[in-house]
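Me: I should be grateful for a close look at a single part of this chain. Please describe its surroundings in one connected account.

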Amino acid sequence: MSISTEHLRAAGELVGAATTLRDAASIWRSQHPEMKVVLVDAMDMRDEKPALMLGARKVYLATSNGHCWSVTELPEEADALILTQD
């Protein structure tokens, strides 16, 4: 699976408008059950480049081979979103 431009736009709107990141993740999961979304501490992502910056919130793209996770800048490789907040 890949993350489309539409997915990124929708994620930006949702993450930017949600009261909390937990709310954003919960809503995203209910609307897009085929796509993973995880919340991590911003410090864990300090050396990675976000796909979206929404004030204090950031959205990263990730991919998994079923065992290991890695951050990617390529939406066509991504099958998950990682959300952080400073």
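The reply below concerns strand β3 and the residues around it.

Reply: The model discussed here is predicted, and all values are computed from it.

The setting may be given before the strand itself. The chain contains two helices and five strands, and along the sequence these elements follow the pattern α-α-β-β-β-β-β. The radius of gyration is 12 Å, close to the 12 Å that the globule rule gives for 86 residues, so the chain is as compact as a globular protein of that length. The C-alpha trace spans about 30 × 30 × 20 Å along its principal axes. Of the 86 residues, 37% are buried. Among contacts between residues at least 6 apart in sequence, 55% join residues at least 24 apart. The chain exposes about 5,200 Å², of which carbon and sulfur atoms supply 51%.

Strand β3 comprises residues 57-64, and two of its residues, lysine 58 and threonine 63, serve as points of reference.

Lysine 58 has a relative accessible area of 14%; because this is under 20%, the residue counts as buried. Its side chain forms a polar contact of 3.0 Å with the side chain of aspartate 86. Leaving aside neighbours within four places in sequence, lysine 58 is in contact with Pro50, Leu52 and Met53, and also with Ile82, Leu83, Thr84 and Asp86. One of these partners, leucine 83, is 25 residues away in sequence, yet the C-alpha atoms of lysine 58 and leucine 83 are 5.9 Å apart. Strand β5 covers residues 80-85, and Ile82, Leu83 and Thr84 are among the contacts of lysine 58.

Methionine 53, another contact of lysine 58, belongs to strand β2, which runs over residues 52-54. In contrast to the buried lysine 58, methionine 53 is exposed, with a relative accessible area of 59%. The C-alpha atoms of methionine 53 and glycine 16 are 9.2 Å apart, although 37 residues separate the two in sequence.

Threonine 63 is likewise buried, its relative accessible area being 18%. The side chain of threonine 63 reaches the backbone oxygen of glutamate 77 at 3.0 Å. Not counting residues up to four places away in sequence, threonine 63 touches Cys68, Trp69 and Ser70, together with Glu77, Ala78 and Asp79.

Serine 70, one of the residues touched by threonine 63, is placed in strand β4, which covers residues 69-72. Serine 70 is partly exposed, because its relative accessibility of 38% falls between the limits of 20% and 50%. Beyond its neighbours within four places in sequence, serine 70 is in contact with Leu61, Ala62 and Thr63. Its C-alpha atom is separated by 11 Å from that of methionine 45, which is 25 residues away along the chain.

The loop between β4 and β5 includes glutamate 76. Glutamate 76 has a relative accessibility of 53% and counts as exposed. From glutamate 76 to histidine 7 the C-alpha separation is 11 Å, with their positions 69 residues apart along the chain.

Taken together, two polar links of strand β3 have been described: lysine 58 pairs with the side chain of aspartate 86, whereas the side chain of threonine 63 reaches the backbone oxygen of glutamate 77.

How values were computed
Residues are numbered from 1 along each chain as its sequence is written. This is a predicted model: local features need pLDDT of at least 70, side-chain atom pairs count only at pLDDT 80 or more; totals for chains, interfaces and linings use all residues. Side-chain values use heavy atoms; hydrogens and water are left out. Helices (H or I, at least four residues) and strands (E, at least two) are DSSP runs, numbered from the N terminus. Buried means under 20% relative accessible area, exposed over 50%, partly exposed in between (1.4 Å probe, protein chains only). A polar contact is a pair of N or O atoms within 3.5 Å; within protein, one must be able to donate a hydrogen and the other to accept it, and residues adjacent in sequence count only if both atoms are side-chain atoms. Contact means heavy atoms within 4.5 Å. The radius of gyration is taken over C-alpha atoms; the globule rule is 2.2 Å times the number of residues to the power 0.38. Accessible areas come from the Shrake-Rupley method with a 1.4 Å probe; for residues, only the protein chains shown count as cover.
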